[in-house]
Amino acid sequence: MSGDLDAGRWQAWIEEVCTAMGVDPRLVNLDEVHALSGVVARDVVRPMAPVSAFIWGVACARHPGSDPSQLRDAIVGAIPVGVPS
């Protein structure tokens, strides 16, 4: 990542927010969050990118024993082919 999305630049903020929310900051994978939201923004419509990230976070919380990558793949797999954006 580069510029405003530099993980090192934002790590302290991520840790502060996670601490305030009672979330383990090691669970926040910036690359995977950006990858998911990028696919949804490009292949569905941009306003659904944060919605998909929220749904993914809820799914990860509800299914802590599941692989987050598989949960993310389920969201990406639900994108209909030929969705007008």
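This is a short tour of the structure above, with something to select at each stop.

**Stop 1: the whole chain**

Start with everything shown. The model is predicted. Colour it by secondary structure and count: there are four helices and zero strands. Read from the N terminus, the order of elements is α-α-α-α. Now turn the model around. Along its principal axes, the C-alpha trace spans about 40 × 35 × 15 Å.

Switch on the surface. The accessible surface comes to about 6,000 Å². Carbon and sulfur atoms account for 61% of that area. How many of the 85 residues count as buried? The share is 21%. Contacts tell you about the fold as well. Take those between residues at least 6 apart in sequence: 42% of them join residues at least 24 apart.

**Stop 2: helix H1 and a nonpolar patch**

Select residues 7-21. This is helix H1, and Met21 is in it. Is Met21 buried or exposed? Its relative accessible area is 61%, and exposed means over 50%, so Met21 is exposed.

Keep Met21 selected and add Trp10, Trp13, Val17, Val23, Leu27 and Val28. Together with Met21, these residues make a nonpolar surface patch of about 680 Å². Show them on the surface to see where the patch lies.

**Stop 3: helices H2 and H4**

Hide the patch. Select residues 30-43 for helix H2, then add residues 68-77 for helix H4. Look at how the two pack. The angle is about 10°, and the axes are 10 Å apart. Angles under 35 degrees count as roughly parallel, so H2 and H4 are roughly parallel to each other.

Which residues make the contact? From H2, pick Glu32, Leu36 and Val39. From H4, pick Pro68, Ser69, Arg72, Ile75 and Val76. Show their side chains as sticks.

**Stop 4: a salt-bridge network**

Stay with Glu32 and Arg72. Side chains of opposite charge can pair when their charged atoms come close. Glu32 and Arg72 form a salt bridge, with their closest N and O atoms 3.0 Å apart. Glu32 sits in H2 and Arg72 in H4, so the pair ties together parts that are 40 residues apart in sequence.

Check the surroundings of each partner. Buried means under 20% relative accessible area. Glu32 has 19%, so it counts as buried. Arg72 has 16%, so it is buried too.

Now add Asp73. Asp73 also forms a salt bridge with Arg72, and here the closest N and O atoms are 3.1 Å apart. Asp73 is partly exposed, at 44% relative accessibility. Glu32, Arg72 and Asp73 are thus linked in a network of salt bridges.

**Stop 5: Arg42 and Asp43**

The structure holds four salt bridges. For another one, select Arg42 and Asp43. Their side chains meet in a salt bridge at 3.2 Å, N to O. How accessible are the partners? Arg42 is exposed, with a relative accessible area of 56%. Asp43 is partly exposed, at 32%.

**Stop 6: Ser37**

Finish inside helix H2. Select Ser37, which lies in this helix. Is Ser37 buried or exposed? Its relative accessible area is 17%, so Ser37 is buried.

What does Ser37 touch, leaving aside its neighbours within four places in sequence? Select Ala49 and Ser52: Ser37 is in contact with both. Show these residues together and the tour is done.

Methods. Residues numbered from 1 in each chain as written. Predicted model: local features only at pLDDT ≥ 70, side-chain atom pairs only at ≥ 80, totals over all residues. Heavy atoms only, no water. Helix = DSSP H or I, 4+ residues; strand = E, 2+ residues; numbered from the N terminus. Buried < 20%, exposed > 50% of the residue type's maximum accessible area, 1.4 Å probe, protein only. Contact = heavy atoms within 4.5 Å. Patch = residues over 30% accessible without salt bridge, like charges linked within 9 Å, V, L, I, M, F, W, Y side chains within 5 Å. Areas by Shrake-Rupley, 256 points an atom, 1.4 Å probe, with all protein chains shown as cover. Axes fitted to C-alpha atoms, helices over the stretch in contact; angles between N-to-C directions. Parallel < 35°, antiparallel > 145°, perpendicular 65-115°, else oblique.
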